[in-house]
Amino acid sequence: MTMTTYKNSKLVPYYILGDGSFQQLSPLLEKRRKEYQKDEGTVFIVDHYFSKTNLISSSLLHENDEVIFADTSEEPKTEYVDSIKNQILQKNRKPKTVVGIGGGSALDIAKAISVLLTNPGPAENYQGWDLPKNPAIYKIGIPTIAGTGAEFTRTAVMTGPVKKLGINSDQSVFDQVILDPTFLATVPTDQFIYTAMDCFVHNEESLLGRINDTMTIALAEKSTQMLLDVFLGKMDYGKLMVASGFGGLAVANSSVGICHPFSYGLSLVLGLRHGYSICIAFNQLEEYYPSVKVFKEILKKYKITLPKVVTNDLTDDQLSRMADAVLLNERPLSNAFGNNWKEKFSKEKVISLLRQM
Ligand code: NAD
Ligand code: ZN
């Protein structure tokens with residue numbers, strides 16, 4: 001008799017959605033502050049873009065609060081996350097709430113910090129599945145770009161000395177999310193499209209893969225439909241933010257597929273940002289994803305030109321390392337090809353695709 005295994009999926013328990021809903025952060029914090037003891041406060045992890053704005057006004061801050069503008073010119077590294085944690089601990093403050101404001105990078109840093117403040121040791125110790133033992137600090141996530149779905153997932157992605165891998169844990173799930181679509185107005189067009197296409201690809205990978213269920217399929221299908229409404233029809237930031245959330249929920253309960261492993265390889269060797277490397281990889285994977293045609297239409301509409309080939313100058317050694325990084329992704333590749341994926345997807349094939357990327 002075969003045993004069915006059941007997954008117990010944790011979701012974000014509270015969300016607020018709507019234009020201007022960022023203003024709800026203040027009353028939410030006021031409510032939490034009533035429970036704070038002496039020396040306890042709130043830590044804000046805010047994308048550095050907002051250091052030039054007056055988003056974090058003094059009225060939002062109280063004694064013992066700390067604002068850290070996260071440098072996201074590079075995507076999160078474990079070392080950087082550790083340095084932020086040490087900065088918080090050195091001041092001997094006792095955070096009771098972590099607020100993350102930004103794109104996938106700042107949100108993932110905030111998630112990781114909330115876990116690391118209660119779980120000892122460096123961030124790299126927690127890259128993997130269900131490693132934190134202690135409950136994380138209460139956290140609020142406020143996305144300012146749409147696409148990664150990081151606001152709803154149970155992972156905090158970081159690049160460590162050995163691997164790019166998240167803290168995949170129930171402790172990484174936000175306790176409260178605020179979805180204020182007005183944030184999207186200032187995202188530069190190219191970044192806007194790259195991150196949104198990350199969502200498009202998450203949906204394709206979960207729909208075409210083997211690891212999914214009725215809920216995942218429903219979320220991914222609806223997310224894709226909303227993305228197409230927005231990108232081939234009329235722009236609607238609210239719809240886009242919800243599509244991002246649905247895509248995150250879908251992929252969190254299934255798995256990525258062929259495209260993400262390629263993007264990890266490209267990012268690892270060439271240091272490319274996630275959404276950008278996803279677009280470069282997806283653009284050359286039409287043999288696996290028929291929807292590459294639609295993707296190209298969207299790029300054309302938004303006048304985004306991807307470089308012809310970014311792997312041109314790589315040596316055979318570098319290409320081989322990149323291919324190894326792609327092939328390390330057992331779960332995504334078996335999601336895409338089945339358990340016998342090694343018979344269907346050789347290193348030579350990976351290298352030949354990489355040469356086109
Ligand atoms: P990002 O967070 O790296 O930000 C990209 C750029 O946009 C930065 O320069 C930032 O300063 C700027 N920016 C952010 N908000 C802005 C705004 N409102 N106006 C103007 N500029 C703004 O981009 P991203 O694509 O959202 O996140 C990528 C990261 O997310 C990667 O590290 C990737 O691995 C991770 N990721 C995480 C998950 C997850 O489930 N946790 C899923 C997919 C990707
Ligand atoms: Zn992604």
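Which residue in β3 does I45 stand opposite? The exercises below work towards this and other points.

The model is predicted: local features need pLDDT of at least 70, side-chain atom pairs count only at pLDDT 80 or more, and totals for chains, interfaces and linings use all residues. Residues are numbered from 1 along each chain as its sequence is written, and side-chain values use heavy atoms, with hydrogens and water left out.

**Exercise 1. Describe the surroundings of strand β2 and find the partner of I45.**

Step 1. Locate the strand. β2 covers residues 40-47; strands (E, at least two residues) and helices (H or I, at least four) are DSSP runs, numbered from the N terminus.

Step 2. Find the neighbours. Two strands pair if DSSP finds at least two bridges between them. β2 pairs with β3 (residues 66-70) in the parallel sense over five bridges, and with β4 (residues 94-102), also in the parallel sense, over seven bridges.

Step 3. Read off the partners. I45 stands opposite I68 in β3, while E40 faces K94 in β4.

Step 4. Check burial (buried means under 20% relative accessible area, exposed over 50%, partly exposed in between, with a 1.4 Å probe and protein chains only). Eight of the eight residues of β2 are buried, so the strand is largely enclosed by the rest of the structure. E40, T42, F44 and V46 point one way, and G41, V43, I45 and D47 the other way.

**Exercise 2. Classify the packing of helices α2 and α3.**

Step 1. Take the axes, which are lines fitted to C-alpha atoms over the stretch in contact, with angles from 0 to 180 degrees between N-to-C directions. The axes of α2 (residues 78-90) and α3 (residues 104-116) come within 10 Å and cross at roughly 55 degrees.

Step 2. Apply the classes: under 35 degrees is roughly parallel, over 145 roughly antiparallel, 65 to 115 roughly perpendicular and the rest oblique. α2 and α3 are therefore oblique to each other.

Step 3. List the contacts (heavy atoms within 4.5 Å). Y80, V81, D82, I84, K85 and I88 in α2 meet I109, A112, I113 and L116 in α3.

**Exercise 3. Decide whether T224 is buried or exposed, and name what T224 touches.**

Step 1. Place the residue: T224 lies in helix α5 (residues 214-233).

Step 2. Use the accessibility. T224 has 11% relative accessibility and so counts as buried.

Step 3. Leave out residues up to four places away in sequence; T224 then touches F200, N203 and E204.

Conventions: Chains are lettered from A and ligands numbered from 1 in the order in which they are written.
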